[in-house]
Amino acid sequence: QVQLVESGGGLVQAGDSLRLSCAASGRTFSSYAMGWFRQAPGKERVFVAGISGNGGRTYYADSVKGRFTISRDNAKNTVALQMNSLKPGDTAVYYCAASDYVSYSTSTWNYWGQGTQVTVSS
């Protein structure tokens with residue numbers, strides 16, 4: 001069982017940066033792939049970024065490549081999403097998730113956090 005708690009959301013202006021963090025419980029954090037998803041109002045939850053258990057591989061949605069960076073600290077059981085050059089289109093609730101492997105599909109992720117709101121004003 002893994003419990004995930006996100007933090008770091010907020011209201012920013014276009015072009016600003018924001019860093020989201022996700023704290024995970026459990027002793028086997030490094031055995032899980034971690035990911036970030038987002039869900040805008042009236043839209044489906046979609047993949048944003050993922051990272052393998054040892055941090056050696058990262059994956060990004062095309063819409064955030066070059067602007068967002070996912071990282072993890074297995075000693076602290078945390079995963080972060082650094083978001084730069086934010087756009088109004090990045091406005092959404094951002095969710096942290098854990099799974100056995102990185103997948104673009106929400107259905108394959110086993111554990112989810114409660115979400116944190118990110119709002120980017122123009």
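How many aromatic pairs does a search of the whole structure find? In this predicted model, the search returns six aromatic pairs, and ring pairs join F37, F47, Y95, Y104, W109 and W112 into a cluster. A pair of aromatic rings is described by the distance of the centres and the angle of the planes, and two of the pairs are set out below in these terms.

For F47 and Y104, the ring centres lie 4.3 Å apart and the planes meet at 40°, so the pair is classed as tilted, given that angles under 30 degrees count as stacked and those over 60 as edge-to-face. Distant parts of the chain are linked by this pair, since F47 belongs to strand β5 (residues 45–51), whereas Y104 is placed in the loop between β9 (92–99) and β10 (111–112), with 57 residues separating the two. The surroundings of the two partners can also be described: F47, with a relative accessible area of 7%, is buried, while Y104, at 52% relative accessibility, counts as exposed, the threshold for that class being over 50%.

The pair formed by Y95 and W112 has its ring centres 6.4 Å apart and its planes at 80°, and it is therefore edge-to-face. Because Y95 is located in strand β9 and W112 in strand β10, this pair ties together parts of the chain that are 17 residues apart in sequence. Y95 has a relative accessibility of 13% and so counts as buried, whereas W112, at 27%, is partly exposed.

Charged side chains were also considered in relation to aromatic rings. R45 lies over the face of W112, at 4.8 Å from the ring centre, so that W112, which pairs edge-to-face with Y95, is also a ring with a charge placed over it. The charged end of R72 is likewise positioned over a ring, that of F29, at 4.4 Å from the centre.

Apart from the aromatic residues, the position of D62 was examined. This residue is found in the loop between β6 (58–60) and β7 (68–73), and with a relative accessibility of 66% D62 counts as exposed. The side chain of D62 makes a polar contact, at 3.3 Å, with the side chain of K65. With respect to R27, from which D62 is 35 residues apart along the chain, the separation of the C-alpha atoms is 32 Å.

Conventions: Residues numbered from 1 in each chain as written. Predicted model: local features only at pLDDT ≥ 70, side-chain atom pairs only at ≥ 80, totals over all residues. Heavy atoms only, no water. Phe/Tyr/Trp six-rings, centres within 6.5 Å; stacked < 30°, edge-to-face > 60°. Helix = DSSP H or I, 4+ residues; strand = E, 2+ residues; numbered from the N terminus. Buried < 20%, exposed > 50% of the residue type's maximum accessible area, 1.4 Å probe, protein only. Lys NZ or Arg CZ within 6 Å of the ring centre and 35° of its normal. Polar contact = N/O pair within 3.5 Å; in protein donor to acceptor, adjacent residues only side chain to side chain.
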